[in-house]
Amino acid sequence: MKHLSAVLLLLGLAAFPVHAATVLLGGDIVSVEHTLADPTDLWVSVDELTRVNGFELKPEGACLDAICVPVQQDRDSDIFVTRQGKPWFNVTELAARIQQPYVVDSEADVWSFGAVPAQRQSFIRDAVAPDFTLPDWQGNTLSLSDFKGKKVMLLTWASW
Amino acid sequence: MKDQDFVILAVAQDAQGIAAAEPWYERAGATFVGLVDEHHIVSSLYNLVNVPSAVWIDEAGQVRRIDEGTYATMHNLGGFEFGRTDYAPMVADWVANSDASTHVDHAIQISEKTSEQAKAEPAFALGVYFSGAGDDVKANHYWAQAQTLNPDSWNYHRQDWAYTPDEAGANWQQKVQTLGDTPYYKPIQGLETTNQ
């Protein structure tokens with residue numbers, strides 16, 4: 001399979017699923033087995049999109065909560081392509097459109113994404129406390145929203 | 001302070017994760033909820049550039065006050081001995097009087113991050129990833145990048161220095177000297193001096 005894809009690349013048929021990648025988002029490490037070969041962009045299978053960045057591809061576009069980025073799905077574009085009957089989505093192109101910052105280590109194929117600015121608006125404009133989910137020191141998972149109805153003082157500190 | 005409708009979430013901003021935070025929490029007992037945040041998610045979400053910092057959040061999930069540098073040292077956690085003895089009564093007043101407390105910030109202003117500040121976060125996360133994978137060269141590379149992108153974030157500097165304790169003292173002094181008139185912690189509203 002590896003040889004075949006190398007041959008196809010030589011023939012100029014780029015964007016064939018060849019290599020694995022790792023995505024970092026909000027403290028999660030997501031392994032993606034297949035991505036399209038592209039030196040600058042991260043293409044994942046549409047099935048994997050939600051696992052990779054939380055977005056879901058709907059008829060109206062790629063959506064997350066109240067955000068929906070229109071995506072035409074009946075033709076190839078710089079954000080969506082069909083290869084061998086399978087739809088692929090360009091995660092970095094989406095990031096660029098919604099001004100989501102990211103940094104990539106190309107050598108190790110690790111793509112690290114920051115916060116989606118549109119999801120921060122209620123905090124920036126209305127000082128609504130952003131929710132988060134973290135492990136406690138015994139390994140239980142807790143969210144800020146678990147404490148709704150109580151006053152909370154969030155204290156950050158560190159051992160260093 | 002032991003009002004059951006008041007919860008303290010102590011969030012350790014620690015890239016060394018549970019292992020680094022555990023001794024502190026063990027000492028503290030169960031009087032508050034201790035969370036471990038090795039990727040600095042809470043600092044990123046709440047635009048905090050230093051530890052320790054405090055955010056007051058009311059019953060409806062509304063931020064009522066943000067303070068950077070709430071107490072100078074984190075010792076005697078179990079008794080909540082803050083570095084400043086005058087901070088705890090302010091918190092108690094808010095717990096008792098809610099929005100009527102004079103310590104609530106009614107005109108809270110939260111600024112949008114610049115694109116560089118925002119990009120520092122995924123760079124820092126890459127550093128944490130490579131540190132966990134045992135690749136210190138890459139970890140240092142991305143931590144340095146995060147520091148360059150957001151030079152105001154003490155969290156990034158101090159995290160990095162935690163890995164090179166021998167250099168930390170000199171780095172610290174050098175960085176403090178470059179601050180000039182910028183306070184190391186932002187002044188706390190309602191208190192007379194900052195807790196340097």
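**A sheet in chain A, and how chain B meets chain A**

In chain A, three strands make up an open, antiparallel sheet whose order is S4-S5-S6. The strands at its edges are S4, residues 56–58, and S6, residues 67–69, of chain A, each of which pairs on one side only, and from one strand to the next the twist averages 30°. I should say at once that what we are looking at is a predicted model. Within this sheet, S4(A) pairs with S5(A), residues 61–64, through three bridges in the antiparallel sense, and there Glu56(A) stands opposite Cys63(A) of S5(A).

Let me turn to chain B, which has seven helices and four strands, arranged from the N terminus as β-α-β-α-β-β-α-α-α-α-α. Of its 196 residues, 40% count as buried, and, among the contacts in chain B with a separation of 6 or more, 50% are between residues 24 or more positions apart.

Now to the place where the two chains touch, where 60 residues of chain B and 39 residues of chain A take part in the contact. On the side of chain B, the elements that each supply at least two residues include strand S1 (6–12), helix H1 (17–28) and helix H6 (154–161), while the largest share, nine residues, comes from H4(B). Sorted by class, that side of chain B has 38 nonpolar, 11 polar and 11 charged residues.

Strand pairing also crosses from one chain to the other, since S13 of chain A, residues 151–157, runs antiparallel to S3(B) and is joined to that strand by five bridges. In this pairing, Thr156(A) stands opposite Ser53(B), a residue of S3(B).

Key
Residues numbered from 1 in each chain as written. Chains lettered and ligands numbered in written order. Predicted model: local features only at pLDDT ≥ 70, side-chain atom pairs only at ≥ 80, totals over all residues. Buried ≥ 20, exposed ≤ 12 C-beta atoms within 10 Å, placed from the backbone. Contact = placed C-beta atoms within 7 Å. Pairing = 2+ DSSP bridges. Axes fitted to C-alpha atoms, helices over the stretch in contact; angles between N-to-C directions. Nonpolar A, V, L, I, M, F, W, Y, C, P; charged D, E, K, R; others polar.
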